[in-house]
Structure formats: C-alpha cells, structure tokens
Amino acid sequence: MSWVRRREIPLIIFAVTFFISLLQYYLKIPFLAEANTELSNWVLIMSTFALGTGLIALCMYHGKIIMQRRKGYFVSIIFFIAMVMLFSSYYLAPSFADYLYNEIYTPLSIAIICFTAFYNYTAIYRAFRIRNLDAAFFAFAAVFLMMMYAPVFEVVIPQTITVANWILDVPNMGASRGVIIGVALGTIAIAVRVLLGYERAYTG
Amino acid sequence: MNGRIRGDGMDWHTFMSKYDRQIIFLVVLFLTFLPAFRPIGIPLPQFYLTNKTYYAIESLKPGDLVLISFDFTPGEWVELGIAMRDIMQHLFIKRARIVIIAFDPNGPAIAHRILGEIDLKGAVYGTDYVVLGYIPGFETGMAAFVSNPKMFERDYYGNPTVNMPIMNAFNTISDFKMYIFACLTWVDPWMRQFSGKIETIIGVLSSDIVPQVMPYINTGQLYSLIRGSRGAAEYEQLMGIKGEATAFMDAASLTVSLGVILTIVANYGYLKKKLGGR
C-alpha cells in the first residue's frame, strides 16, 4: 500500500492536533498555547478555502445544467447573473451592492422563512391530536408555550405564564440538561473512538 | 345548527379535514394583515430576562467595550435583526465602544445595514466602533478569536486596523465588558468558547430555542437573553419607542391564538370521530 494511503497518517495527525488542543486547555505551557493558536489559524484558512471550493462546485453544478439545457435551466442563468452582479457591485458600486442585499436578498430570504409559518399552522392542526399519553404531554406543553409567546394570553389569563414557566423551569430544564450532557459524552466517545482507530469515516 | 355546512351533508369536521391547508393558509394570511390596517394595541407584559438585558446595558459606562457578533442570515431579520438593531441603538446611546464580528458570512452585511439605520450619536468609526468582519470556521473561528481578539489586520471595509484607537483598547478577550451574540441555532458553541472569559454574555435568540437555553441561564453561563421579536418588542417598550417589533406583536398574538384554537379544534374533531360521533 502506498504510504499516502496508509490509515495511520490521518490518525497520527488527528492525535497530535487533538492532544495539543486538549492539553493547552489544562496546562499553562506557552508552546502548547502558541501551537494551538497556529492550528486554529490553519483551520480558518482552510475554511476560507472551503468557501472558494463551494463557489466552484456551485458554478460547475449550474454550468452543467445550462450546458445540457436541463429543466429549469433559466434558474441557473439567474444564479450566474445574481452572482456576477453582487460580486462586481461590491467592488464597482458598493451602494448598489447594499441595495441588492437590503432590498432584494433580505426580503426574499424573509419571504422564504415566512412560508414555513403557514405550514407550521397546518402541522399544528394535524400533529397535535391527542392519540396517546405522549401526544397529550406534547400538546399540553406546546399550547402553554405558545400562549407564553403571545402577549394576549398573558394579559387575559395570567396563570398561563405560571404554567409555561413551570414547564420551562422543571421538565424542560431536566430534559435539556440531559441532552447537553448526552451530547458532551457522545462527543468524548467519538473522540476516543477516532483515537483508537475505530472511527474511520473522516479518512475518506 | 347541526354542524352541517354543505348541501351534500359534509359536516364541518370532514370539511376541515379535507380543506384544512387552504383554510388555515387563508386565516393565517388574514390574521397577519389585519393589525396592519386596524392595530389592536394589545398590552405587552415584560419577560424578566428582557428587563435583565436592558438594565445590564443601561448600567454600561461610556467607553465600556462591548463585543457583538452577528451570526444569522437575512431571513431571520424579523426574529433577530430587529432586536439587534434596538440593542445597538441602546449601546450607542450609552456611548459604549463596540467591536463587531460575525461567525456567519452574512453577519457583516447585516451589521452594516443596522449601522446605516440607527442614530450613531456622533460615534466615530475606528474610535468608538468597528466592523471587523467575518471569521470562518465557526466554532474553531470562535476559539481563534477568543485566543487572539486582535487577529484582524483589516476591517470589513478593507481599512488597516493597526492605527484604529479602538483596536488598542483591548488585548485579550477578558478586556470586553460584555458580549452580545445573535443566532438562530443552539448556543452550545458560543457557551463553550466564550463562557467564563467575558463577564456578561447576552444572547439574542429565536423564541423556539429559548427552552433549550434556559439551563445556561440558571447556571449563569449566559447572563440573559432576548427571545426573538417578542423580546425586541419588550425591549422597545423599555426604551420608550414604538418600533417595528411592537407593530408585529398584534399579529403575533392573533396568529398564536389561532395555533391554540387549532389545537382545540383538531382534538375536538378527533375525539368526536373516535367516539363515533357521540
């Protein structure tokens, strides 16, 4: 097997970076802190490159659709026009870029998010049916939390806020803490698995 | 009324089950637009954490350093952007010095928009406030910024930061008096990287994420929060202004009432069907 394909190399890279990041947190050794900062900077640089590769991938994807005149190819043309317009206006006419961002991109983004509100209300009608005890708890909590966020209920029935706060502070708090601890333990478990070589998905 | 609403004998529950989506869409649309034409002016009780946020900012002294990160996209403007605009306005009124960063690529543009909309109270760019720009890498970016807040050599607009007076006002992350972040997702990465390093951390969060964030409030890791547009409306009330968020509250009350009514209607119809129409 070629040395570049060996599984030990990614594992060694992971172990070294992992221990530098871990130990610098607990030990006040200047070298470790500097090495960790340097590693963080590398990740930032790689993340910036990832934005570039993402752009290339998008262009390739939409370019292919236009070349093959696939269904909806005009949307891909709009993508290229929008990208070139926004990109060039940032350098040539910044005020026009602001206009594009604030008056076109922002309202469109808000409109897309708003669509979900309509579906949410349909989902409430369909999903909040009390078919069993679990669904009853779910519907009970959801109704009181909804009431909590609408000022009208707090004014008309002040007790709703007491019940909603109890749901937030007692059952919700316990469950949320459980989730937080569970996620933390799961992360540690994955790190140990990677260190021991059981988790190899990241090596490709 | 025997519950029959159509000549072919279809009762209201069957009708609702068949056309629920169309009816609900129309009702939501109507309830959203109604307050725009006829404001109801429903009173707005204050959430204790909104008060806590307001008085934390109110207690800032002129020149105190505040770090702000805009970590959301323009689609979340209504839920988070309005609250951030109100908070930024309050910070400029208090004459705090503001350093703006972002862990979302859209963040600097949103900050730029807000700075163009609020009264800067004579604040000077580079001296009283600065937009440093986007830090890629998300949580790694946060860790990098926490370990070296002076990592930016140029700001969002391409100006060198080395001669900016505000950049000489801090050396470490602990030099910031307050950190305010706005995000739509779970706050774990922000808590992991910033908690314990800055005295006061405030989150401007989506209403639906608040229940999951409450453990951090109770432990004090997160000092306080603003819960979405409702929190923004409460904040506007505390500031004594009637802004965009206040205008949304009537529509919010009406549509959430619809949610409660729909839950009752759905269960009434379901139980009636289950019990055989009795």
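What is the mean pLDDT of chain A, and what share of its residues reach 70 or more? The mean pLDDT of chain A is 87, and 97% of its residues reach 70 or more. Here pLDDT is the predictor's confidence in each residue, on a scale from 0 to 100.

This is a predicted model, in which local features need pLDDT of at least 70, side-chain atom pairs count only at pLDDT 80 or more, and totals for chains, interfaces and linings use all residues. Residues are numbered from 1 along each chain as its sequence is written, while chains are lettered from A and ligands numbered from 1 in the order in which they are written.

## Confidence

Chain B has a mean pLDDT of 89, with 95% of its residues at 70 or more. The model scores are ipTM 0.77 and pTM 0.83. The table lists the elements at the ends of the confidence range in each chain. Helices (H or I, at least four residues) and strands (E, at least two) are DSSP runs, numbered from the N terminus.

| Element | Place in its chain | Mean pLDDT |
|---|---|---|
| α6(A) | lowest in chain A | 85 |
| α3(A), residues 73-92 | highest in chain A | 92 |
| α1(B), residues 12-37 | lowest in chain B | 82 |
| β2(B), residues 97-102 | highest in chain B | 98 |

Where pLDDT is low, the predicted coordinates should not be read in detail.

## Where the chains meet

The contact between the chains takes 42 residues from chain A and 46 residues from chain B. Two residues are in contact if their C-beta atoms, placed from the backbone, lie within 7 Å. On the side of chain A that touches chain B, at least two residues each come from α2 (30-67), α4 (94-127), α5 (133-149), α6 (151-156) and α7 (159-196). The most come from α4(A), with 14 residues. By class, this side of chain A has 27 nonpolar, eleven polar and four charged residues. Ala, Val, Leu, Ile, Met, Phe, Trp, Tyr, Cys and Pro count as nonpolar, Asp, Glu, Lys and Arg as charged, and the others, Gly among them, as polar.

Ile130(A) lies in the loop between α4 and α5 of chain A. Beyond its neighbours within four places in sequence, Ile130(A) is in contact with Ala135(A), Ala136(A), Ala139(A) and, from the other chain, Asn267(B). Ile130(A) is partly exposed, because 18 other C-beta atoms lie within 10 Å. A residue is buried if 20 or more other C-beta atoms lie within 10 Å of its own, exposed if 12 or fewer, and partly exposed in between, with C-beta atoms placed from the backbone.

## Chain A

Chain A is divided into domain 1 (1-68) and domain 2 (128-204). These bounds come from an automatic or database domain assignment. The domain centres, taken over C-alpha atoms, are 33 Å apart. Six residues of domain 1 are in contact with six residues of domain 2. On the domain 1 side, these residues are five nonpolar, no polar and one charged.

Arg69(A) lies in the loop between α2 and α3 of chain A. Its phi is near 50°, a positive value in a residue other than glycine. Arg69(A) counts as exposed, because it has 8 C-beta neighbours inside 10 Å.

Lys71(A) and Ile130(A) are 59 residues apart in sequence. In space, their C-alpha atoms are 43 Å apart.

## Chain B

Chain B holds nine helices and six strands. Its C-alpha trace spans about 80 × 35 × 35 Å along its principal axes. Of its 278 residues, 44% count as buried. Among contacts in chain B with a separation of 6 or more, 69% join residues 24 or more positions apart.

The largest nonpolar core has 91 residues, and Ala83(B) and Ile100(B) have the most contacts inside it. Such a core is a set of buried Ala, Val, Leu, Ile, Met, Phe, Trp, Tyr and Cys residues joined through C-beta atoms within 7 Å. Helix α9(B), residues 244-274, gives the most to this core, with nine residues. Leaving aside neighbours within four places in sequence, Ala83(B) is in contact with Val204(B), Ile226(B), Gly231(B), Ala232(B), Tyr235(B) and Ala245(B).

Helix α3(B) covers residues 77-93. Of its 17 residues, 13 are buried, so α3(B) is largely enclosed by the rest of the structure. At 1.5 Å a residue, the helix should span 24 Å, and its end C-alpha atoms are 22 Å apart, which agrees. The expected span is 1.5 Å times one less than the number of residues.

Arg95(B) follows α3(B), in the loop between α3 and β2 of chain B. Arg95(B) has a positive phi of about 60° although it is not a glycine. Arg95(B) is partly exposed, because 16 other C-beta atoms lie within 10 Å.
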